[in-house]
Every structure is written in structure tokens, then in C-alpha cells.
There are 2 protein chains.
Amino acid sequence: MTEAKERTRDRISRRQVDKFADRRAQLAASALQTLAELGYARTSLREIAQNSEFSHGVLHYYFTDKVDLLTHCVRQFEEVCVTRYDEIVAGARTAADLERDFAAAMAATLRADAKMHRLWYDLRNQSLFEESFRADVLEIDRRREEMIHHVVARYAELASASAAVPQAVAYALLDGLFQQALLRHLAGEEEAAAGLERAVPSVLARIVSG
Amino acid sequence: MTEAKERTRDRISRRQVDKFADRRAQLAASALQTLAELGYARTSLREIAQNSEFSHGVLHYYFTDKVDLLTHCVRQFEEVCVTRYDEIVAGARTAADLERDFAAAMAATLRADAKMHRLWYDLRNQSLFEESFRADVLEIDRRREEMIHHVVARYAELASASAAVPQAVAYALLDGLFQQALLRHLAGEEEAAAGLERAVPSVLARIVSG
DNA sequence: GGGTCTCTTGGACGCTTGTCAAGGAAAAGC
DNA sequence: GCTTTTCCTTGACAAGCGTCCAAGAGACCC
């Protein structure tokens with residue numbers, strides 16, 4: 001076999017691999033949309049297929065089984081989840097800036113992505129019952145914790161203070177705050193996001209000591 | 001009809017009502033046990049019946065349908081959930097007492113009732129997708145908030161300080177802390193409860209200003 | 001343009017689910 | 001003790017599930 005042929009074959013097989021991966025991603029996106037709408041408990045493969053442009057049989061061409069699909073979904077979800085506050089941290093010039101912008105960003109994502117967030121909590125909870133996703137879920141949670149840590153650390157730096165609680169605790173507190181706001185928001189309480197935006201700065205101030 | 005007869009009939013009908021309610025409670029208890037074990041998504045009526053001493057058909061004698069049963073479960077769950085820290089609040093003589101005992105109690109219930117707690121979070125999350133339980137779930141959450149408020153208010157009183165955040169925020173923070181500890185505990189992390197016990201006092205101190 | 005390989009469809013399977021009804025067992029009433 | 005009422009079991013049902021497969025459609029190479 002000539003080198004040219006080998007290169008060609010590589011290119012083709014790479015293209016196939018990419019196409020395969022792309023379709024997997026596309027189907028996983030449809031699955032995530034369905035999950036966000038119906039929740040884990042009521043999401044079926046047929047329902048997922050119906051939210052895509054394919055028929056239900058194709059799912060078993062791209063995924064070995066349901067767990068494989070859902071695991072892929074969780075991993076794909078991660079990328080959306082985890083880079084949300086980076087630019088805010090980078091852009092803030094003062095502690096007051098960061099406080100305000102971070103609170104506003106949390107409120108904004110609560111309003112805009114409520115269904116995705118409820119899916120996240122659903123999947124995280126599911127991992128308490130099913131071993132299959134647990135590793136991936138914990139990995140995402142770890143990254144979320146890091147994401148919050150960046151905010152808190154930068155905030156402390158700008159405020160010439162230092163974090164007063166471990167980063168795991170800081171994450172737990174802010175996540176609890178957000179989850180409670182999500183609960184209210186999805187229950188129809190109009191002021192839920194505004195309440196979150198008001199609460200975040202005071203909490204942020206309290207978890208750094210200066 | 002004589003008065004005696006009326007009294008007798010009342011007594012009998014009351015006894016029947018009580019018996020009916022008792023069996024409903026008994027079946028709901030089996031359902032809760034099953035839910036705590038399998039999670040909402042994988043709990044079926046047949047599975048519930050198998051965890052009781054009856055066959056699956058009886059569930060439709062005591063409950064009109066699955067939603068009726070699960071709603072009853074949620075309500076029944078409430079009573080277990082909500083009185084947990086009352087005696088600690090009553091017994092504490094100093095702020096340091098309360099801090100220590102409350103943290104210890106949280107760690108203890110995390111260790112002892114982890115499966116019940118994961119069920120609670122599962123049901124609360126489910127209510128974000130299904131309207132049916134939402135009202136009951138929100139009511140329980142409101143009571144949990146009050147429960148936490150009692151602790152915080154008493155703590156502030158003993159410390160001659162005042163609560164520095166709204167009670168909804170205090171609840172959100174402590175619940176977030178607990179949930180994160182539950183996550184770690186059920187993932188097999190041995191020190192999760194100990195970590196919670198260590199974190200609670202510092203958080204408690206920070207949400208009252210003195 | 002015929003043949004090969006990739007991709008997709010739609011139907012079939014075995015199983016589980018919630019629901020229901022017919023009938024037996026047990027208890028209550030007289 | 002017989003009848004009536006209450007309670008419980010068993011088996012059936014339609015629907016939905018995850019999974020698999022035969023076969024067609026389409027892309028691609030020579």
C-alpha cells in the first residue's frame with residue numbers, strides 16, 4: 001500500500017469517526033432537550049428520537065444501550081455547565097464589580113436555563129441511586145466546585161481578604177442558594193431570580209473574611 | 001334509630017375509617033421504604049407490594065392510583081422529616097452547646113438516614129417536573145425552613161446577636177451543605193459526616209452577626 | 001453504473017408497567 | 001349459623017419500554 005493510499009484511508013476513516021461523533025453529539029443534544037423537558041424518570045428512547053429528526057432505531061446504531069447514551073449526555077452536559085462565570089471573573093476590576101456581576105449572572109442563568117438546571121439536579125440525584133453515572137456526575141460536581149472557587153478566590157483577592165471556608169463549603173452554600181431559587185422560580189414565584197441576586201452578594205461577603 | 005344505635009354505628013364507622021387509614025399508612029410506609037431503596041424512577045407498584053405483606057392488587061383498594069399513593073407518601077414523609085432538631089434547640093444552654101449539638105445531630109442523621117434523605121431530594125426534584133406533588137413538597141420545604149429558622153433564631157439569641165440573612169437564605173445554605181455531604185457520604189467518602197460536622201458551626205456563626 | 005459499505009427505517013420480540021375486574025377469604029352483623 | 005360486607009388475591013388487559021434485526025436507502029469507490 002502506498003503512502004498516498006494510507007493517507008487517504010486515514011483521512012476517510014477520520015472523517016467517518018468525526019461524522020460518527022458528530023451524530024452522537026447531535027442525538028445526545030436531542031436527548032438532553034428531552035430530559036430537560038420530561039425529567040429522567042419519564043424520558044424514553046422513543047421520546048428522544050421523536051425530539052430528533054431520526055427514528056428510534058438509530059439510537060442503537062450510535063449507542064450500545066440506554067446507559068451509554070445517558071452517560072454520553074452527562075459528559076456532554078458538562079461542557080455547557082462549567083465555563084459560565086469565567087469571563088466575569090476575568091473582567092471584574094473591583095470586589096464590588098465581581099459581586100454584582102456574579103449575582104446578576106446567576107440570576108440570569110436561573111431565568112434563562114431553568115430547565116437545564118433542574119435536569120442537572122435530577123441527574124445528580126439519580127446518581128445517588130444508580131451507580132452508572134456516578135463517576136461522571138461527581139466529576140462535573142468537582143468542576144462546578146472549582147468554578148465557584150475561582151469566583152470566590154478572585155473575590156477575596158480583590159477584597160484584600162482570604163476565603164474563610166474550604167472551597168467545598170463555599171460551593172455547597174452557593175449551590176444550595178441557587179437550588180432553592182430554582183425551586184421557587186419553577187414554582188412560579190416571579191421574584192425568585194431577583195431574590196437570588198440580592199442574596200448572593202451578602203453570602204459572598206460572608207464566606208470571605210477580611 | 002335510638003341514640004345508642006347511632007353511637008354504635010358511629011363507633012364502628014370510625015373504627016373502619018381508622019382501620020382504613022392505618023392500612024393506608026402501612027402501605028405508604030412500604031412504599032417509602034421501596035422509594036428510598038430504588039428511587040422514584042424505578043419504583044413500581046408491584047415492587048412496593050413485594051416490600052409489604054400484601055399483593056399488588058390491594059394498592060388499588062386503598063389508593064385510587066399511583067399518584068394518590070405517592071402523594072400520601074410525601075405527606076407521611078413530612079412527619080418524620082420535620083421535628084428533628086426541636087429537642088436540641090430546647091436543651092441548649094449556650095450558643096456553643098447549640099452549635100455543637102446541632103452539627104452533631106446533622107452528622108448523625110446523615111449517617112443513619114442517608115437513604116431517606118436521598119429520597120427527599122429525589123421527590124423534591126421530581127416536583128420540578130410533575131405538578132402533582134409540587135404543593136406538598138413546597139409545604140414540606142417550608143416546614144424544613146422553619147425548623148432551621150428555629151435553630152438559627154435560638155442560636156442568635158444565645159449568642160446575643162441577630163440573624164444576618166433572611167431565614168430562607170439560612171435554610172438554603174444549610175440545606176446545600178447537607179446535600180453536598182450526602183452526595184459524598186453516598187459516594188463512599190468516609191469522612192463526609194465528619195466534614196459536615198466540622199463545617200456547620202462555622203457556617204452557623206457566619207449567618208448571625210454579632 | 002454496478003457493487004460495497006454506511007446509515008436509517010420500521011416493525012417485531014419479550015418484558016414490565018398501571019389499571020381493573022372477578023372471585024375467594026375473612027370478618028361483622030343479626 | 002347464615003348473610004352481608006369488607007378485604008385481599010389472582011389473573012388479565014392495553015400500553016409502553018429497551019432491544020434487536022431484516023431490509024431498504026443512500027453514499028462512495030473502482
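## Where the two chains meet

How many residues of chain A are in contact with residues of chain B? In this predicted model, the count is 31 residues on chain A and 31 on chain B.

On chain A, the side that touches chain B is built from helices: α7 (114–126), α8 (134–158), α9 (167–186) and α10 (192–206) each give two or more residues to it. If you want one element to look at, pick α9(A), which brings the largest share, 11 residues. Sorted by class, this side of chain A has 18 nonpolar residues, along with seven polar and six charged ones.

## How the copies are related

Now for the symmetry. Turn chain A by 180°, with 0.0 Å of shift along the axis, and it lands on chain B with an RMSD of 0.1 Å. That is what a two-fold axis does, so this is the relation between the two chains. To find the axis in the structure, look for A:Gly176: within chain A, its C-alpha is the one nearest the axis, at 1.8 Å.

The contact surfaces fit in with this. Of the interface residues of chain A, 100% are also interface residues in chain B, so the copies meet through the same surface.

## Around DNA strand C

Next, the DNA. Which residues come nearest to strand C? There are 19 residues around it, and the nearest are A:Phe54, A:Gly57, B:Ser44, B:Asp65 and B:Lys66. Both chains show up in that list.

Two elements give two or more residues to the surface near strand C, namely α1 (3–38) of chain A and α2 (45–50) of chain B. The largest share is from α1(A), with four residues. As for class, the surface near strand C has six nonpolar, seven polar and six charged residues.

## Around DNA strand D

Strand D has 20 residues around it, and here the nearest are A:Ser44, A:Asp65, B:Phe54, B:Ser55 and B:Gly57. Compare the chain letters with those for strand C: Phe54 and Gly57 are from chain A there, but from chain B here. Likewise, Ser44 and Asp65 belong to chain B around strand C and to chain A around strand D.

The helices swap chains too. Near strand D, α2 (45–50) of chain A and α1 (3–38) of chain B each supply at least two residues of the surface. It is α1(B) that gives the largest share, four residues. By class, the surface near strand D divides into six nonpolar, eight polar and six charged residues.

Methods:
Residues numbered from 1 in each chain as written. Chains lettered and ligands numbered in written order. Predicted model: local features only at pLDDT ≥ 70, side-chain atom pairs only at ≥ 80, totals over all residues. Near = placed C-beta within 6 Å. Nonpolar A, V, L, I, M, F, W, Y, C, P; charged D, E, K, R; others polar. Least-squares fit on C-alpha atoms with pLDDT ≥ 70 in both. Contact = placed C-beta atoms within 7 Å.
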